[in-house]
Amino acid sequence: MKRRGLKNKNINIFTLIGIYLLFGLLFIILVVGINIDSLRVNDLFDTNARKVYDELDKIIDIQESAISKIKEASKNGNYNFSNPYVLVNPFSLNPCSAIMVFTTDEPFKVNVEINDRVIGETDASSVHIIPIYGLYENNFNQIVLTLEDGSVHEQIIQTEDLYSNLKVEKTNRDPSSLLLSYYASGDLTSVYGYSYYNDVNFLISGLNYISSYNVIEDGLTLEYNSVKGLDTLLIDIDYLGRIKKVYRKNNNYSADNEIEIQLYKNGIKNYNLNKFVSDDKLTEFSILDFDNTVENLSKAHLYFKEFSISVNNSYLTYKLDEKGYLILVRNDGVILSYYIDDAKNIKIDDNYEYSLFLNADSTYYNLYTIIKN
């Protein structure tokens with residue numbers, strides 16, 4: 001009986017090799033074809049280009065990390081009235097401040113004294129997150145907490161040695177007032193607060209360049225940019241140094257670089273741990289055709305004129321004396337075009353990195369700058 005099935009055939013070895021090579025070539029074309037656009041985009045991100053980072057977002061991230069620590073402490077039953085959690089300079093911008101956290105078995109109001117000055121009484125709560133500011137620099141500050149049942153806790157908070165050699169003299173003012181003063185040395189700027197005895201007990205420091213400030217409810221508005229000489233943004237900050245809001249400068253802002261304030265003017269209450277929220281929308285842009293634009297950008301001229309770039313909480317501010325369009329190549333391959341207007345400020349999506357180019361008079365220039373996230 002004959003076995004049915006395929007007959008043996010002689011297969012040419014060269015034909016077999018050719019088939020394998022063909023499949024290999026198709027595979028390479030498929031894989032490379034999928035990633036070819038990514039390769040073309042990567043070519044526009046030169047590793048040697050200048051890197052610009054969002055320094056303000058780094059500070060906000062540090063502050064959000066502090067919020068997490070405070071929340072964890074508020075849930076830790078080991079931090080009680082006699083053993084509170086104390087975080088000095090909690091938001092890294094005011095070393096004359098602290099947060100005290102503890103829990104009580106039942107809701108109590110807490111009377112707060114700072115260096116023999118009665119601040120006020122908090123609302124009743126069993127979770128206490130008490131903001132402490134107005135501490136004297138380079139000192140052992142005495143905090144006295146008193147519960148409604150008469151229990152008393154004394155806490156010493158030590159602060160750092162700041163610029164205590166900087167003093168002001170101003171008389172005939174309210175002994176409970178704080179005199180704010182502005183200090184600048186090169187790119188270092190700070191807002192100081194001086195007690196009636198001309199001791200430093202308030203300081204906002206750690207932001208690159210504060211141009212001016214003014215007072216708002218329970219805090220300050222700072223006129224700021226991380227690069228000196230660029231158009232400024234406004235930052236609302238509380239007396240603990242926590243950034244509450246970042247937004248574009250408006251006509252309602254007026255600077256006042258020497259003013260008296262009164263800390264705890266409205267008494268004291270538990271600190272609000274709501275997260276920072278940015279309200280402004282992204283700036284409008286045009287999306288450019290990928291193939292044509294990449295071809296043009298790959299041949300862009302280097303830009304040799306002076307210009308400045310900064311990024312603060314996703315606000316990209318630039319000083320560029322050209323007419324035309326600022327082009328941002330996103331690292332996902334989307335190419336955005338922004339008309340260069342008098343504002344010189346755009347808000348971008350901080351989930352991406354960008355390589356910067358310029359289109360002036362239909363000529364493309366490489367700004368050789370990368371915005372890092």
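This passage describes the sheets, cores, cavities and backbone details of a predicted model.

The overall layout comes first. The chain holds three helices and 25 strands. Of its 373 residues, 46% count as buried. Contacts across the sequence can be put in figures too: among the contacts in the chain with a separation of 6 or more, 59% are between residues 24 or more positions apart.

Two of the sheets can be taken in turn. One is an open sheet of three strands, in the order S2-S3-S6, and its pairing is antiparallel. Its edges are formed by strand S2 (85–88) and strand S6 (125–133); each has a single partner strand, so one side of each is left without a neighbour in the sheet. On average, neighbouring strands here are turned by 20° against each other, with direction ignored. Within this sheet, S2 is joined to strand S3 (residues 97–108) by four bridges, and the two strands run antiparallel. At the level of single residues, Val86 has Met100 in S3 as its bridge partner. Helix H2 (residues 55–74) lies across S2, S3 and S6, and runs at about 25° to S3.

The other is an open sheet of four strands, ordered S12-S13-S14-S15 and again described by antiparallel pairing. Here strand S12 (210–216) and S15 are the edge strands, and because each has a single partner strand, one side of each is left without a neighbour in the sheet. From one strand to the next the twist averages 20°. Six bridges pair S12 with strand S13 (residues 219–224) in the antiparallel sense, and Asn214 stands opposite Thr221 in S13. Helix H2 packs on this sheet, where it touches S13, S14 and S15, and its direction makes about 155° with that of S15. Helix H2 thus serves as a handy landmark for a reader moving through the model: it lies across S2, S3 and S6, and it also touches S13, S14 and S15.

The nonpolar interior comes next. The largest nonpolar core has 63 residues, and the residues with the most contacts inside it are Val112, Ile130, Ile132, Leu145, Leu220, Leu222 and Ile243. Helix H2 provides the largest share of this core, with seven residues. Ile130 is a good place to look at the packing in detail. Leaving aside residues up to four places away in sequence, Ile130 touches Ala98, Ile99, Met100, Phe102, Val110, Val112, Leu145, Ile268 and Asn270. Among these contacts of Ile130 is Met100, the residue already met as the bridge partner of Val86. A second core, separate from the largest one, has 21 residues, including Ile309, Val311, Leu320 and Leu358.

Empty space in the model can be followed in a similar way. Rolling a probe the size of a water molecule over the atoms shows where such space is left. The count comes to one cavity of 30 Å³ or more, and about 30 Å³ of space lies in the largest cavity. The largest cavity is lined by Leu44, Asp46, Ala49, Ser355, Asn366, Tyr368, Thr369 and Ile370. Strand S25 (residues 363–372) gives the most to this lining, with four residues.

The largest pocket has a volume of about 440 Å³. It is lined by 21 residues, of which Tyr133, Asp218, Asp238, Lys269 and Tyr271 are the closest to its centre. At least two lining residues are supplied by each of S6, strand S14 (233–238) and strand S15 (243–248), and S14 gives the most, with three residues.

Finally, two residues deserve a look for their backbone angles. Most residues other than glycine have a negative phi. Ser92, by contrast, has a positive phi, near 70°. Ser92 is placed in the loop between S2 and S3, and with a relative accessible area of 37% it is partly exposed. Tyr368 has a positive phi as well, near 55°. Tyr368 is found in strand S25 and is one of the residues lining the largest cavity. With a relative accessible area of 31%, Tyr368 is partly exposed.

Terms used:
Residues numbered from 1 in each chain as written. Predicted model: local features only at pLDDT ≥ 70, side-chain atom pairs only at ≥ 80, totals over all residues. Heavy atoms only, no water. Pairing = 2+ DSSP bridges. Axes fitted to C-alpha atoms, helices over the stretch in contact; angles between N-to-C directions. Contact = heavy atoms within 4.5 Å. Core = buried A, V, L, I, M, F, W, Y, C linked by side-chain atoms within 4.5 Å. Buried < 20%, exposed > 50% of the residue type's maximum accessible area, 1.4 Å probe, protein only. 1 Å grid on protein atoms, 1.4 Å probe; cavity = no way out; pocket = protein on both sides within 12 Å on 5 of 7 lines; lining within 4 Å. Points joined across faces, edges and corners; volume = space filled by probe spheres on them.
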